[in-house]
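Please look over the structure below before reading the notes. They are meant to be read with the model in view.

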Amino acid sequence: MKYIEICIETSGSGVEAVATALLNIGITDTVVEDPRDVEDLMEKKQTYDWDYVDDSVVEMMKTTPKVTVYFEDNRVNRGRAEEVKQAIAELKKQQKEGYFGREADFGSLSVTVKTEENTSWKDKWKEYFKPARISEQIVVKPTWEEYDNVGGFKIIEIDPGMAFGTGTHETTSLCVKMLEKYIEPGDRVLDVGCGSGILSIAAALLNAGDVLGIDIDPTAVEVAKDNIRLNGVGSTAKVQYGDLAKGLDYRANIIVANLMADLVMMLSEDAAAHLRRGGKFISSGILTEKEEEVTDFLKNKGFLIEEVQHDGEWCAICALMPEGDQL
């Protein structure tokens with residue numbers, strides 16, 4: 001069977017922007033190759049590292065970050081390839097106009113389209129997903145990998161599919177570390193934009209009393225449900241299709257949202273309405289250059305900034321809803 005391969009060259013900070021541009025035109029199945037992940041791994045000598053790396057993964061250090069989309073080769077999908085080109089051209093225009101900040105550098109954003117005769121692309125991304133310790137207590141491992149849990153860690157087994165995060169990204173790790181720090185036994189946790197369900201599962205493993213994950217992507221909801229069942233936390237964690245701003249009836253001690261900075265700000269008012277007094281709004285997916293903008297925005301909405309953690313060019317913010325205040 002022939003397939004169309006559309007490869008978009010970008011930068012480390014441009015990967016999320018490219019993925020979002022594709023999501024905006026309905027494309028969720030993407031493969032990301034980012035050499036920074038391996039560079040970060042090789043620089044770290046102790047905590048939160050992958051357990052092992054084979055030579056093929058190390059070779060990624062020599063490459064440019066890429067986001068790749070695959071379609072079956074047919075008339076409709078050749079039209080989709082043109083849509084991708086247009087979406088990336090619009091993204092490049094927005095970057096030049098300063099929409100993402102003056103310092104934003106998304107690389108060349110060059111788009112290459114070719115047709116190949118092979119179906120192995122469907123599982124190619126699995127080569128780069130290995131067991132990873134992402135916090136003090138939690139290791140994420142793919143279902144197809146073995147892991148000798150000599151450290152007695154809490155294990156999240158996951159089969160994310162090509163469209164969703166594997167849990168090894170800095171922003172996910174930052175969220176999990178903050179959940180470890182702030183969650184209290186029995187807490188109610190709301191995971192906004194749950195994706196493959198990693199944060200919902202982590203909250204359940206960290207002794208939350210009740211966890212609700214929501215996502216506006218029906219495919220993400222099904223993937224998260226499968227992963228929750230796989231990890232045996234279905235009695236605590238549930239997932240549903242939903243939008244925080246549209247009639248969700250749930251009030252939490254902690255809201256966690258691993259989204260982009262603009263979405264975090266957009267959701268902050270609705271987050272406040274779904275937090276119990278004294279509750280915490282944990283957010284990531286925020287580039288450090290956007291940190292001040294997001295923290296100032298949250299303060300203006302009545303939140304107190306409890307803590308900001310950093311990992312590379314990303315940060316996570318824990319904002320507190322003051323006791324007795326109505327935001």
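The points below go from the whole chain to its helices and then to single residues.

This is a predicted model. The protein is built with ten helices and 14 strands. Half the story of any fold is what lies inside: of the 327 residues here, 50% count as buried.

**The whole protein**

- The accessible surface amounts to about 15200 Å², and carbon and sulfur atoms hold 45% of that area.
- Among contacts between residues at least 6 apart in sequence, 70% join residues at least 24 apart.

**Helix 1 and its cover**

- Helix 1 spans residues 15-23, and its buried residues are Val15, Ala17, Val18, Ala21 and Leu22.
- Looking down the axis of helix 1, these buried residues fall within an arc of 165°, so they line one face of the helix.
- The cover over the buried residues of helix 1 includes three strands, namely strand 1 (2-9), strand 2 (31-33) and strand 3 (66-72).
- Helix 4 (75-96) is also included in that cover.

**Helix 1 against helix 4**

- The axes of helix 1 and helix 4 lie 10 Å apart, and the two helices pack at an angle of about 130°.
- An angle counts as oblique when it is not under 35 degrees, not over 145 and not from 65 to 115, and helix 1 and helix 4 are therefore oblique to each other.
- The crossing of these two helices, helix 1 and helix 4, is right-handed.
- On the side of helix 1, the contact is made by Ala17, Val18, Ala21 and Leu22.
- On the side of helix 4, the contact is made by Val84, Ala87, Ile88 and Leu91.
- Ala17, Val18, Ala21 and Leu22 thus appear twice, as buried residues of helix 1 and as residues in contact with helix 4.

**Helix 7 and the residue after it**

- Helix 7 covers residues 198-205, and seven of its eight residues are buried, so helix 7 is largely enclosed by the rest of the structure.
- The buried residues of helix 7 are Ile198, Leu199, Ser200, Ile201, Ala202, Ala203 and Ala204.
- Asparagine 207 comes just after helix 7, in the loop that leads to strand 9 (210-215).
- Asparagine 207 is not a glycine, yet it has a positive phi of about 75°.
- With 48% relative accessibility, asparagine 207 counts as partly exposed.

**Helix 9, helix 10 and methionine 260**

- The axes of helix 9 and helix 10 (residues 291-300) come within 10 Å and cross at roughly 0°.
- Angles under 35 degrees count as roughly parallel, and helix 9 and helix 10 are therefore roughly parallel to each other.
- Ala261, Val264, Met265 and Ser268 of helix 9 meet Glu293, Val294, Phe297 and Leu298 of helix 10.
- Methionine 260 sits in the loop between strand 11 (252-258) and helix 9 (261-273).
- Methionine 260 has 24% relative accessibility and counts as partly exposed.
- Apart from neighbours within four places in sequence, methionine 260 is in contact with Glu16, Ala17, Thr20 and Gly285.
- One of these partners, Ala17, is also among the buried residues of helix 1.
- Methionine 260 and serine 284 are 24 residues apart in sequence, and their C-alpha atoms are 7.2 Å apart in space.

**Buried residues in loops**

- Leucine 109 lies in the loop between helix 4 and strand 4 (111-117).
- Leucine 109 is buried, having a relative accessible area of 4%.
- Leucine 109 has a positive phi of about 50°, although it is not a glycine.
- Lysine 130 lies in the loop between helix 5 (121-124) and strand 5 (132-133).
- With a relative accessible area of 9%, lysine 130 is buried.
- Lysine 130 and valine 140 are ten residues apart in sequence and 8.4 Å apart in space, C-alpha to C-alpha.
- Leucine 248 lies in the loop between strand 10 (237-241) and strand 11.
- Buried means under 20% relative accessible area, and leucine 248, at 13% relative accessibility, counts as buried.
- Leaving aside neighbours within four places in sequence, leucine 248 is in contact with Leu190, Leu212, Ile214, Gln240, Asp243 and His274.
- The C-alpha atoms of leucine 248 and aspartate 270 are 9.8 Å apart in space, while the two residues are 22 apart in sequence.

Technical notes: Residues are numbered from 1 along each chain as its sequence is written. This is a predicted model: local features need pLDDT of at least 70, side-chain atom pairs count only at pLDDT 80 or more; totals for chains, interfaces and linings use all residues. Side-chain values use heavy atoms; hydrogens and water are left out. Helices (H or I, at least four residues) and strands (E, at least two) are DSSP runs, numbered from the N terminus. Buried means under 20% relative accessible area, exposed over 50%, partly exposed in between (1.4 Å probe, protein chains only). Contact means heavy atoms within 4.5 Å. Accessible areas come from the Shrake-Rupley method with a 1.4 Å probe; for residues, only the protein chains shown count as cover. The arc is that of the directions from the helix axis to the C-beta atoms. Axes are lines fitted to C-alpha atoms, for helices over the stretch in contact, and angles run from 0 to 180 degrees between N-to-C directions. A crossing is left-handed if the near helix is turned anticlockwise from the far one by less than a right angle, and right-handed if clockwise.
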